[in-house]
Amino acid sequence: MKNHQAYGKKQWYCSSRDVHGCRADVITCKDIYYLPSHRTGSMVLIYKENKYWINNRYQNTINWTCRDRKRIGCTSCVQTTIEGRYIKHKGFHNHDDNYTKYNFDK
């Protein structure tokens, strides 16, 4: 763990940082994890072993939709504050978990 941040967040860094100079890190907050997207450079949200992308921002909230929304019509979405605190989850997944240790690269 690199450091504690506000609202219970923790920042973690790669165990290869000191030996190989790896700069990868991740921010966690309870059941929510934020990771940088390798495709766009923006953040993705991992919640209960599913990946979410930012759908929109409204006032002080961010609305995240399941990454499988467009592909197969998944209705699951999560709402967080701008600071990253969980507000609510609604909808459901019509598919298996899309972000587990078994399908990490998908």
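Two helices and nine strands make up the regular parts of the protein. Reading from the N terminus, the order is β-β-α-β-β-β-β-β-α-β-β. The model is a predicted one, and its confidence is not even along the chain. The mean pLDDT over the protein is 81, and 81% of the residues reach at least 70. Among the elements, strand 7 (residues 61-66) comes out with the highest mean, 95, while strand 1 (residues 3-4) has the lowest, 58.

Next comes the split between inside and outside. Of the 106 residues in the protein, 34% are buried. The accessible surface adds up to about 7,400 Å², and carbon and sulfur atoms account for 50% of that area. As for contacts, take those with a separation of 6 or more: 23% of them link residues that sit 24 or more positions apart.

Towards the C-terminal end of the numbering, strand 8 (residues 77-81) pairs with strand 9 in the antiparallel sense, with four bridges between the two. Within this pairing, valine 78 faces histidine 89 of strand 9. The two strands form a hairpin, with four residues between them, and glycine 84 in the turn takes a positive phi of about 100 degrees. Threonine 81 also belongs to strand 8. This threonine 81 counts as buried because its relative accessibility is 13%, and the cut-off for buried is under 20%. Leaving aside residues up to four places away in sequence, threonine 81 touches Asn60, Thr61, Ile62 and Ile87.

Strand 9 turns up again with the aromatic rings. The structure contains one aromatic pair. Its partners are tyrosine 47 and tyrosine 86, whose ring centres are 5.4 Å apart and whose planes meet at 20 degrees, so the pair is stacked. Tyrosine 47 sits in strand 5 (residues 43-47) and tyrosine 86 in strand 9 (residues 86-90), so the stack ties together parts that are 39 residues apart in sequence. The two rings belong to residues with unlike surroundings: tyrosine 47 is buried, at 8% relative accessibility, whereas tyrosine 86 is partly exposed, at 38%.

Isoleucine 46 is found in strand 5 too. With a relative accessible area of 6%, isoleucine 46 is buried. Its contacts, not counting residues up to four places away in sequence, are Asp31, Ile32, Tyr33, Leu35, Lys51 and Tyr99. Tyrosine 99 deserves a second look here: in sequence it is 53 residues from isoleucine 46, yet the C-alpha atoms of the two are 7.4 Å apart in space.

Finally, there are the cysteines. The structure has zero disulfides. Why is there no bond between cysteine 66 and cysteine 74? The sulfur of cysteine 66 has the sulfur of cysteine 74 as its closest cysteine sulfur, but the distance is 3.7 Å, which is too far for a bond. A disulfide needs the two sulfur atoms within 2.5 Å. Seen from the other side, the story repeats: the closest cysteine sulfur to that of cysteine 74 is the one in cysteine 66, again at 3.7 Å. Both residues are hidden from the surface, with cysteine 66 buried at 2% relative accessibility and cysteine 74 buried at 3%.

Note on methods
Residues are numbered from 1 along each chain as its sequence is written. This is a predicted model: local features need pLDDT of at least 70, side-chain atom pairs count only at pLDDT 80 or more; totals for chains, interfaces and linings use all residues. Side-chain values use heavy atoms; hydrogens and water are left out. Buried means under 20% relative accessible area, exposed over 50%, partly exposed in between (1.4 Å probe, protein chains only). pLDDT is the predictor's confidence in each residue, from 0 to 100. Rings of Phe, Tyr and Trp (its six-membered ring) pair if their centres lie within 6.5 Å; planes under 30 degrees apart count as stacked, over 60 as edge-to-face and the rest as tilted. Contact means heavy atoms within 4.5 Å. Accessible areas come from the Shrake-Rupley method with a 1.4 Å probe; for residues, only the protein chains shown count as cover. Two strands pair if DSSP finds at least two bridges between them.
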